[in-house]
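Visitor: I would like to learn how to read sheets, helices and single residues in a model. Could we take them one feature at a time?

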Amino acid sequence: MDTQSNPSDPGRLQQASSAETDRGELARTRQLLALIVESSNDAIISEDLNGTITSWNRGAERIFGFTESEVIGKPVSILYMPGKSEEMPAILERIRAGERVEHYETLRRHKNGHSISVSLTVSPIRDEDGNIIGASKISRDITEIKRLVERAQFSIAETQFRKLLEAAPDGILEVNAEGKITVLNEAAERMFGYGPGELVGGSIEALVPAAMRGGHSQHRASYAGHPKTRPMGTGLELQGQRKDGSLFPVEISLSPNWSEGSLHVIASVRDITERKLVEDRIRVLREQYTAELTAKNEQLEARNLEIEQANRLKDEFLASMSHELRTPLHTIIGFSELLTEQLEGPLNEKQHRFIGHILQDARHLLNLINEVLDISKIESGRLELKREIFDFGHCVEEVLAGLRPQAASKNIMLENKSSSQTTLYADRMRVKEILYNLLSNAVKFTPEGGTVWVESTHDVESLRVSVCDTGIGIAKEEQLAIFDKFYQIRDSRKVVREGTGLGLSITKHLVELHGGTICIESQLGQGSRFMLTFPLRNSHPVE
Ligand code: ADP
């Protein structure tokens with residue numbers, strides 16, 4: 001029996017009436033929901049999974065401009081802005097997967113074509129079995145909010161820009177295509193002597209010296225032809241004109257600024273009055289200094305001329321004196337030698353001694369004259385080397401031979417310990433003079449029974465010669481000074497009275513003229529070693 005269909009059963013009746021009540025509740029709830037949806041300010045739209053619009057509330061009509069009948073059954077893409085449709089497949093994909101998309105900001109298209117900024121919340125719609133059959137979209141029009149945010153951001157940026165402009169130490173001005181000042185900072189107003197806002201809208205030409213104004217508009221036009229960041233008037237002395245008409249030096253740098261479709265120029269102006277003053281001061285000082293220097297140079301030139309003249313006179317004097325002195329000296333020496341030979345008759349012992357003194361001092365005098373002439377020639381750069389190829393060993397032997405009598409008289413052993421046979425391209429006479437000076441000093445300053453010797457070695461680069469003795473030696477502090485002109489060590493003067501103090505000075509010059517070097521190693525009471533080098537490479541003539 002079908003108990004359910006019996007209406008006379010009171011229990012069943014009760015059940016039936018409660019089901020009706022439920023349906024009524026549901027209908028009321030639905031109605032309420034529909035009312036809520038209808039009265040919402042937001043657009044509430046539903047669409048199926050193919051993107052076809054299935055419901056459309058009044059909010060949607062208000063926001064998008066389409067009526068319900070215009071959109072139901074139409075693809076939702078009619079609401080997309082061109083280029084914005086590619087985001088939807090991804091959103092629908094998430095809906096199919098049962099996800100919700102919240103507060104997704106995008107642009108939508110109004111019926112009349114303008115764009116609307118919307119914030120979307122998209123949720124899946126399920127049937128009674130829970131299958132996803134579509135999507136509900138709540139779109140909130142955020143166009144106005146966006147505009148307000150943008151305006152606020154813009155105003156913050158503008159404030160920051162203004163602060164930056166005012167913080168700049170240089171005057172900054174923006175000039176439009178007509179040459180009118182559109183924006184400027186306080187530094188620019190102060191620099192040109194204007195009050196706040198006085199220059200805005202005025203012509204930039206007001207800041208250009210009257211004499212330059214004509215050309216300035218042409219310059220502006222030519223800048224518009226090649227707008228790029230660059231200094232203005234390179235190489236020119238630019239000036240600005242203050243409100244009171246006074247002028248001041250400026251340095252200007254220009255940059256283009258495209259604003260509202262036309263070319264504006266931003267000029268950064270620097271007042272360089274201070275710098276110019278410093279530069280002027282430096283220029284005056286430099287001129288003064290140059291003038292002083294020129295005067296000093298002139299004085300020096302005059303002095304050089306005087307010195308040159310004095311030198312010439314000295315050379316002439318020395319040349320004539322050398323002739324005048326040497327001629328009689330040669331006569332004295334010649335006749336004294338003749339007398340000592342006693343060919344014209346015998347000399348008694350006293351006469352012999354006297355003639356010996358005359359001869360010794362005359363030779364000493366001749367030596368002194370020769371040395372003085374040598375040093376004067378060297379110092380005036382007139383001593384020229386007469387180079388030739390010769391055997392250095394022979395040269396040593398010749399000098400040693402000349403000194404043997406002197407050495408023998410003091411019982412000094414004179415040795416040649418040279419191990420090398422070297423050919424030298426040098427001034428033979430001068431090399432002999434060098435060796436003679438060193439060896440005669442060695443013999444002179446070595447006590448009886450000592451030894452004096454010459455050593456030499458060579459490689460491809462140079463010939464190294466040492467002149468050594470076991471003599472009185474030279475103190476460390478004297479070792480540099482002995483190469484000075486006329487320098488003689490006081491203690492050595494007690495041992496040996498003869499000498500001029502010129503020998504080592506001449507020797508050093510001669511060695512250096514040959515491109516060589518000279519130095520000394522010595523210890524008091526032990527002896528001395530004079531070390532020479534003569535370059536071998538590049539010193540030979542090209543064959
Ligand atoms: P001088 O004509 O006096 O020898 P030099 O210029 O040749 O002049 O030498 C300068 C001085 O150097 C000498 O007076 C002497 O005091 C010192 N001197 C030079 N050679 C030697 C040496 N071999 N031993 C010690 N003293 C020396």
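Guide: What follows goes through two sheets, a helix, two residues and the cysteines. Keep in mind that the model is predicted.

Visitor: Start with a sheet. In what order do the strands of the sheet with antiparallel pairing lie?

Guide: Strand order is read across the sheet, not along the chain. Here the open sheet of five strands runs β2-β1-β5-β4-β3, and its pairing is antiparallel. The edges are held by β2 (53-56) and β3 (101-109); each has a single partner strand, so one side of each lacks a neighbour in the sheet. From one strand to the next, the twist averages 30 degrees.

Visitor: How many bridges join β4 to its partners β3 and β5?

Guide: Bridges are counted pair by pair. Between β3 and β4, which run antiparallel, there are seven. Strand β4 (residues 115-126) and strand β5 (residues 132-141), also antiparallel, are joined by nine. To fix the register, take one bridge from each pair: Y104 has L120 of β4 as its bridge partner, and V118 stands opposite D141 in β5.

Visitor: Which residues in the two hairpins take a positive phi?

Guide: In a hairpin, look at the residues between the strands. The hairpin of β3 and β4 has five residues between them, and G113 in the turn has a positive phi of about 100 degrees. Five residues also lie between β4 and β5, where G130 has a positive phi near 90 degrees.

Visitor: Which helix lies across this sheet?

Guide: For packing, note the strands involved and then the angle. Helix α4 (residues 88-96) lies across β1 (43-48), β3, β4 and β5, and runs at about 125 degrees to β5.

Visitor: Now a single residue in that sheet. Is I116 buried or exposed?

Guide: Relative accessible area decides this, with under 20% counting as buried. I116, which lies in strand β4, has a value of 3% and is therefore buried. Leaving out residues up to four places away in sequence, its contacts include I63, F64, T106, L107, D141 and T143. For a sense of scale, the C-alpha atoms of I116 and L293 are separated by 81 Å, with these positions 177 residues apart along the chain.

Visitor: How does the sheet with mixed pairing differ in its order and its edges?

Guide: Read it in the same manner. This open sheet also has five strands, in the order β13-β15-β16-β18-β17, with mixed pairing. Its edge strands are β13 (413-416) and β17, each with a single partner strand, so each has one side without a neighbour in the sheet. Neighbouring strands are turned by 15 degrees against each other on average, direction ignored. One pair is β13 and strand β15 (residues 451-458), parallel over four bridges; L414 stands opposite V452 in β15. Helix α13 (residues 503-513) packs on this sheet, where it touches β17 and β18 (527-535), and its direction makes about 140 degrees with that of β17.

Visitor: What does the side chain of S522 meet in a polar contact?

Guide: Place the residue, then list its neighbours. S522 is found in strand β17 (residues 517-523) and is buried, with a relative accessible area of 16%. Its side chain makes a polar contact of 2.9 Å with that of S528. Beyond four places in sequence, S522 touches G473, I474, Q479, G527 and S528.

Visitor: How is the length of helix α11 checked, and what caps its N-terminal end?

Guide: Compare the expected span with the end-to-end distance. At 1.5 Å a residue, the 17 residues of α11 (residues 428-444) should span 24 Å, and the end C-alpha atoms are 24 Å apart, which agrees. The N-terminal end is capped by D427, with a side-chain oxygen 3.3 Å from the backbone nitrogen of M429. Of the 17 residues of α11, 13 are buried, so the helix is largely enclosed by the rest of the structure.

Visitor: Last, how many disulfides are there?

Guide: Sulfur-to-sulfur distances settle that, and the structure holds zero disulfides. For C395, the nearest cysteine sulfur is that of C468, 17 Å away. C395 is buried, at 0% relative accessibility. For C519, the nearest cysteine sulfur is again that of C468, at 11 Å. C519 is partly exposed, with a relative accessible area of 38%.

Conventions
Residues numbered from 1 in each chain as written. Predicted model: local features only at pLDDT ≥ 70, side-chain atom pairs only at ≥ 80, totals over all residues. Heavy atoms only, no water. Buried < 20%, exposed > 50% of the residue type's maximum accessible area, 1.4 Å probe, protein only. Polar contact = N/O pair within 3.5 Å; in protein donor to acceptor, adjacent residues only side chain to side chain. Contact = heavy atoms within 4.5 Å. Pairing = 2+ DSSP bridges. Axes fitted to C-alpha atoms, helices over the stretch in contact; angles between N-to-C directions. Disulfide = S-S within 2.5 Å. Expected span 1.5 Å × (residues − 1).
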